[in-house]
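The exercises below are meant to be worked with the model open beside the page. Try each task before reading its solution.

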Amino acid sequence: MSDCIFCKIIQGDIPCNKVYEDEHVLAFHDIAPKADTHILVIPKQHIVNLSATTEDEWPIVTKVLQSINKVAAQENLEGFRVISNNGEKGGQEVFHMHWHVLAGSKLTGF
Ligand code: 5GP
Ligand code: ZN
């Protein structure tokens, strides 16, 4: 999508601090980290969020979730928290599905 900031990152029009990439998934550090480690994991396909996911898109969502394990292993995360804000009232600001992977000493209860 032309006006989507994460699509622009995928296309290389906006730089990112890349952590992991494969055919379907890109992971990069959040620009405003909320924990010692704060990585965003996104599908390369523009999917708005979980609520908007269509039947044919679920395999992509699965690939994104699988890649979170790869990112965690690669970054030596002993434990981590995964969050996907869904919809404006769910705290979603960027309407391209993304999974926050949070880890580190600042991580406490929510
Ligand atoms: P949301 O509130 O939609 O769940 O989270 C969006 C996240 O994207 C926020 O944590 C925000 O800091 C991050 N973000 C927004 N714009 C950029 C950007 O241009 N680059 C990176 N790396 N992160 C961004
Ligand atoms: Zn997008």
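**Exercise 1. Strand order**

In which sense do β2 and β3 pair, and over how many bridges? Then place both strands in their sheet.

Solution. The model is a predicted one, and the strand pairing can be followed from one neighbour to the next. Start with β2 and β3, which pair in the antiparallel sense over five bridges; within this pairing, alanine 27 has valine 41 of β3 as its bridge partner, while valine 25 stands opposite proline 43 in β3. Move next to β5, which runs antiparallel to β3 and is joined to β3 by five bridges, with isoleucine 39 having valine 101 in β5 as its bridge partner. The complete arrangement is an open sheet of five strands in the order β1-β2-β3-β5-β4, with antiparallel pairing. Its edge strands are β1 and β4 (81–83), each of which pairs on one side only. On average, and with direction ignored, neighbouring strands of this sheet are turned by 20° against each other.

**Exercise 2. The two faces of a strand**

Which residues of β3 point one way, and which point the other way?

Solution. Begin with the general pattern: side chains in a regular strand alternate between the two faces of the sheet. In β3, Thr37, Ile39, Val41 and Pro43 point one way, whereas His38, Leu40 and Ile42 point the other way, and all are buried. The strand is accordingly described as mostly covered, with seven of its seven residues buried. To see what lies against the sheet, turn to α2, which lies across β1, β2, β3, β4 and β5 and runs at about 150° to β3.

**Exercise 3. Nonpolar cores**

How many residues does the largest nonpolar core have, and which have the most contacts inside it?

Solution. The largest nonpolar core has 18 residues, and those with the most contacts inside it are Ala27, Ile39, Val41 and Trp99. At least two residues of this core come from each of β1 (18–21), β2 (25–29), β3 (37–43), α2 (58–74) and β5 (99–103), and α2 gives the most, with six residues. Apart from this core lies another, of eight residues, including Cys4, Ile9, Phe28 and Ile42. For a closer view of one residue, take valine 41: leaving out residues up to four places away in sequence, valine 41 touches, among others, Ala27, Val64, Ile68, Trp99 and Val101.

**Exercise 4. An aromatic pair**

What geometry does the pair of phenylalanine 6 and phenylalanine 28 have?

Solution. A search of the whole structure finds one aromatic pair. Phenylalanine 6 and phenylalanine 28 form this pair edge-to-face, at 5.6 Å centre to centre and with 80° between the planes. Phenylalanine 6 lies in helix α1 (residues 5–11) and phenylalanine 28 in strand β2, so the pair ties together parts that are 22 residues apart in sequence. As for burial, the cut-off is under 20% relative accessible area; phenylalanine 6 therefore counts as buried at 7% relative accessibility, and phenylalanine 28 counts as buried at 3%.

**Exercise 5. A glutamine in a loop**

Is glutamine 92 buried or exposed, and which backbone atoms lie by its side chain?

Solution. Glutamine 92 has its place in the loop between β4 and β5, and with a relative accessible area of 3% it is buried. A polar atom of its side chain lies 2.8 Å from the backbone nitrogen of glycine 87, and the side chain of glutamine 92 also reaches the backbone oxygen of valine 94 at 3.0 Å. Leaving aside neighbours within four places in sequence, glutamine 92 is in contact with Val48, Asn49, Asn85, Asn86, Gly87 and His98.

Terms used. Residues numbered from 1 in each chain as written. Chains lettered and ligands numbered in written order. Predicted model: local features only at pLDDT ≥ 70, side-chain atom pairs only at ≥ 80, totals over all residues. Heavy atoms only, no water. Core = buried A, V, L, I, M, F, W, Y, C linked by side-chain atoms within 4.5 Å. Buried < 20%, exposed > 50% of the residue type's maximum accessible area, 1.4 Å probe, protein only. Helix = DSSP H or I, 4+ residues; strand = E, 2+ residues; numbered from the N terminus. Contact = heavy atoms within 4.5 Å. Phe/Tyr/Trp six-rings, centres within 6.5 Å; stacked < 30°, edge-to-face > 60°. Pairing = 2+ DSSP bridges. Axes fitted to C-alpha atoms, helices over the stretch in contact; angles between N-to-C directions. Polar contact = N/O pair within 3.5 Å; in protein donor to acceptor, adjacent residues only side chain to side chain.
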